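This report describes one protein chain for a reader who meets it here without prior acquaintance. The sequence and the structure are shown below, and the description follows.

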Amino acid sequence: MNGDNQSLQEQHRIAERVAHLETAVHYQGKVVEELGDAMRAGFARTDAELVRVNEQLMKIRTTDFRILFGVSLTTALGTFGLMLKILGWLQ
């Protein structure tokens with residue numbers, strides 16, 4: 001009789017341990033799901049920030065190109081005018 005009672009106690013302890021493991025696995029599943037959601041939201045924010053920075057860089061690059069082209073054109077025309085004046089082709 002003691003052997004039957006002991007196996008019943010063991011079964012009860014095993015059931016408790018299994019229930020504890022199931023609870024832990026369920027909790028970890030929730031945490032992993034929340035982590036995945038947070039990572040997706042973070043990636044979306046990072047992607048939006050990268051798009052914004054890229055747009056700003058394109059605006060800056062366009063402005064820089066226009067300034068550089070203007071300076072180059074002015075320098076070329078000024079040098080050409082000076083050469084004409086020195087060579088006497090321009091009165």
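Of the 91 residues of the chain, 3% count as buried. The model under discussion is a predicted one. The chain exposes about 8,700 Å², and 65% of this area is supplied by carbon and sulfur atoms.

**Overall form**

The chain has one helix and zero strands. Its radius of gyration is 39 Å, whereas the globule rule gives 12 Å for 91 residues, so the chain is more spread out than a compact globule. Taken along the principal axes, the box filled by the C-alpha atoms has dimensions of roughly 130 × 15 × 5 Å. The helix, named α1, covers residues 2–87.

Two pairs of residues give distances along this chain. R66 and K30 are 36 residues apart in the chain, and their C-alpha atoms are separated by 54 Å. T23 and T63 are 40 residues apart, and a distance of 60 Å separates their C-alpha atoms. R66 has its place in helix α1, as does T23. R66 counts as exposed, with a relative accessibility of 61%. T23 is likewise classed as exposed, at 54% relative accessibility. The side chain of T23 also reaches the backbone oxygen of A19, at 2.9 Å.

**Salt bridges**

How many salt bridges does the structure hold? There are two salt bridges in the structure. The table sets them out with the distance between nitrogen and oxygen.

| Salt bridge | N to O distance |
|---|---|
| R40 and D37 | 2.6 Å |
| R52 and E49 | 2.3 Å |

R40 and D37 both belong to helix α1 and stand three residues apart, about one turn of the helix. R52 and E49 are also in helix α1, three residues apart, which means that about one helical turn separates them.

The four residues can also be described by their accessibility. R40 has a relative accessible area of 54%, over the 50% cut-off, and is therefore exposed. Its partner D37 is partly exposed, with a relative accessible area of 39%. In the other salt bridge, R52 counts as partly exposed at 38% relative accessibility. E49 is partly exposed too, and its relative accessible area is 38%.

**Aromatic pair**

Which residues form the one aromatic pair that a search of the whole structure finds? One aromatic pair is found in that search, and it is formed by F65 and F69. The pair is stacked, with 6.0 Å from centre to centre and 20° between the planes. The planes count as stacked because the angle of 20° is under the cut-off of 30 degrees. F65 and F69 are four residues apart in helix α1, so about one helical turn lies between them. Both F65 and F69 are exposed.

**Nonpolar surface patch**

A further feature of the surface is a nonpolar patch. This patch is formed by L82, M83, I86, L87 and W89. Together these residues have about 620 Å² of accessible area. L82, one of the patch residues, lies in helix α1.

**Summary**

In outline, the predicted model shows a chain with one helix and zero strands, and 3% of its residues count as buried. Helix α1 holds the salt bridge of R40 with D37 and the salt bridge of R52 with E49. The stacked pair of F65 and F69 is in helix α1 as well. The nonpolar patch on the surface includes L82 and W89.

Key
Residues numbered from 1 in each chain as written. Predicted model: local features only at pLDDT ≥ 70, side-chain atom pairs only at ≥ 80, totals over all residues. Heavy atoms only, no water. Salt bridge = Lys/Arg side-chain N within 4 Å of Asp/Glu carboxyl O. Helix = DSSP H or I, 4+ residues; strand = E, 2+ residues; numbered from the N terminus. Buried < 20%, exposed > 50% of the residue type's maximum accessible area, 1.4 Å probe, protein only. Patch = residues over 30% accessible without salt bridge, like charges linked within 9 Å, V, L, I, M, F, W, Y side chains within 5 Å. Areas by Shrake-Rupley, 256 points an atom, 1.4 Å probe, with all protein chains shown as cover. Phe/Tyr/Trp six-rings, centres within 6.5 Å; stacked < 30°, edge-to-face > 60°. Rg over C-alpha atoms; globule rule 2.2 N^0.38 Å. Polar contact = N/O pair within 3.5 Å; in protein donor to acceptor, adjacent residues only side chain to side chain.
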